[in-house]
Amino acid sequence: MTKLRFYSGLKEIGGTVVGVETESAICYFDFGFTVADRIDHKVNLRKGHEAYDYVKLGVLNAIDGIYEPETAKALDLKAYGETDKEVFFIISHMHIDHMGGLGCLDQKVPVYMSSDSAKLYHAMGVMGELEVREHENIIPVDYDGSFTVGDIKVTCVQVDHDVIGACGFLIETKEGRICYTGDYRYHGFHPEISAAFAEKCKGADLMISEGVTISFGDVDMLSLEGPVRERNEWTLLEDMKNAAEEEEGLIIINNYNRNVERIHRLIGEIKAAGRVMALEPEQAAYVAAFYPEDEFCVYVPEAKESAYGNDAAGYLSGRKIVNRTEVMADPGKYILQQDYKNSYELFDLAKVASLYVHMDGAPLGDYDPSFAVFYNMLDSIGIRYERWGLGGHAEPYYLRHTVDVIEPRILVPLHSFRPEQLLSEHAGKIILPEAGDVIELK
Ligand SMILES: [Zn+2]
Ligand SMILES: [Zn+2]
């Protein structure tokens, strides 16, 4: 028996949770927040009651066998260890809508993720960027590596996305093969990795696909003849190299700090222009964790000597620190990475800045109320800005192309406001589940 239960994140973007249940085990993926608009950070979560509060909010799911005894009892659920089947999670990547709930699980629940994701997850914990707490029982899996729990075999299959460590999964049971794309794209540094995912999952009985890029307008999927987008990670590097050479003042970038490979490559790219990357401590730690040889400075606005703040794992020890005064004294020497939350630094930095580039950092899009606030602020500061965001999701043609290659017997599109638009002549049948629906694989 293999049953797939679809809990959430089906006709929306974020919070996809699916359970694959067999005779002896249940595999859940992913575990991020759904309907994030029910979270208002102006309302405090109650310390120690986060899991309970999130379930009550409908942001996490009420599922047996995954929460701590006290939480489970309060929610009228079975706690971890109280179900007769082995329960485990697999997590596709480190975006909050896929992993934000991990800190709410019972600490003993086995959570499998790619080795790169595990490395980033730990660095995020060290740098204070995790919700609630760092989950203790993380089990890293290499790309193409497999593991078995009960009668479920899972293989971690890498994809290219705008966060390091992203993967999809191939889940095998007695009844068949299920593949889950996670989030992926073809305009990153490694389109060949996303292409290889499709090859490795060829002939899957059931394919679960994301569909973010078909969310916002009409798409006639079957008539698409090829990719249309022109900009990609490589052209962005080129653009930044040119800006590094042509701009005279400081360049400030607002990027997404978990897209570590982009920063790694930018560091190399701007060297020839005589510029050095100055990274905020969180971003610096993530780059150092993966690319220890990279040369960059750590930006701490008020630092006098060495004061990184939080660096318990020593990611930043020995790195050169620059403060605001130093950057402002020699603005043409630096490209400064700055998170949205530190934007008021711009009141000072704008005096020496010649370009501000918003490249996939927060606020992510105009659906975020902060978006208009942010651009009004840039206007009032009077800084010259450009938007170079690329996003992390495959354009519609590639969403279809991947289905065409895999040729699944059953296709389940989700993680989209309009999943029904994902069509392919090579999918046997398409199912659009509602929350709570079960598909039995025969
Ligand atoms: Zn996503
Ligand atoms: Zn994602």
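Is Asp144 buried or partly exposed, and how many other C-beta atoms lie within 10 Å? Asp144 turns out to be partly exposed, with 13 such atoms inside that radius; the cut-offs are 20 or more other C-beta atoms within 10 Å for buried, 12 or fewer for exposed, and anything in between for partly exposed, with C-beta atoms placed from the backbone. The structure here is a predicted model, so local features need pLDDT of at least 70 and side-chain atom pairs count only at pLDDT 80 or more, while totals for chains, interfaces and linings use all residues. Residues are numbered from 1 along each chain as its sequence is written, and chains are lettered from A and ligands numbered from 1 in the order in which they are written.

Now for the overall layout. The protein splits into domain 1 (2–224 + 392–441) and domain 2 (233–387), with bounds that come from an automatic or database domain assignment. Taken over C-alpha atoms, the centres of the two domains sit 31 Å apart. Across the boundary, 14 residues of domain 1 are in contact with 17 residues of domain 2, contact being C-beta atoms, placed from the backbone, within 7 Å. The domain 1 side of that boundary is made up of 8 nonpolar, 3 polar and 3 charged residues. In this count, Ala, Val, Leu, Ile, Met, Phe, Trp, Tyr, Cys and Pro are nonpolar, Asp, Glu, Lys and Arg are charged, and the others, Gly among them, are polar.

On to the sheets. Helices (H or I, at least four residues) and strands (E, at least two) are DSSP runs numbered from the N terminus, and two strands pair if DSSP finds at least two bridges between them. One open sheet has 7 strands in the order β6-β5-β4-β3-β2-β1-β21, with mixed pairing. At its edges stand β6 (138–141) and β21 (438–441), each with a single partner strand, so one side of each has no neighbour in the sheet. From one strand to the next, the twist averages 25°. Inside this sheet, β3 and β4 pair in the parallel sense over 4 bridges, with Ala25 opposite Glu86 in β4. Strand β4 (residues 86–90) is also joined to β5 (residues 111–114) by 2 bridges, again running parallel, and Ile90 stands opposite Tyr112 in β5. Since 4 of the 5 residues of β4 are buried, this strand is largely enclosed by the rest of the structure. Helix α4 (residues 115–126) lies across β5 and β6, at about 105° to β5; angles run from 0 to 180 degrees between N-to-C directions, and axes are lines fitted to C-alpha atoms, for helices over the stretch in contact.

A further open sheet of 7 strands follows the order β7-β8-β9-β10-β11-β19-β20, with mixed pairing. Its edge strands are β7 and β20, each of which pairs on one side only. Strands β9 (residues 167–173) and β10 (residues 176–180) run antiparallel and are joined by 5 bridges, and Phe169 has Tyr180 in β10 as its bridge partner. Helix α12 (residues 396–406) packs on the sheet, touching β10, β11 (206–210) and β19, and its direction makes about 170° with that of β11. Helix α5 (residues 191–200) lies across β8 (152–158) and β9, at about 155° to β8.

Phe169 turns up again in the largest nonpolar core, which has 121 residues and in which Cys27, Phe89 and Phe169 have the most contacts. Such a core is a set of buried Ala, Val, Leu, Ile, Met, Phe, Trp, Tyr and Cys residues joined through C-beta atoms within 7 Å. Helix α8 (residues 281–290) supplies the largest share, 6 residues, and the core draws at least three residues from each of domain 1 and domain 2. Leaving aside neighbours within four places in sequence, the contacts of Phe169 include Phe29, Ile90, Val154 and Cys179.

Finally, the backbone oddities. Most residues other than glycine have a negative phi, and most peptide bonds are trans. Asp144, in the loop between β6 and β7 (146–149), has a positive phi of about 70°. His415 also has a positive phi, near 55°, and sits in the loop between β19 (410–414) and β20 (429–430); His415 is buried, with 26 other C-beta atoms within 10 Å. The Phe29 to Asp30 peptide bond is cis, with omega near -25°, and Asp30 is in the loop between β3 (25–29) and α1 (50–57). Cis too is the bond from Ala362 to Pro363, with omega near -10°; Pro363 belongs to the loop between β17 (353–359) and α11 (370–381).

Key: Two residues are in contact if their C-beta atoms, placed from the backbone, lie within 7 Å.
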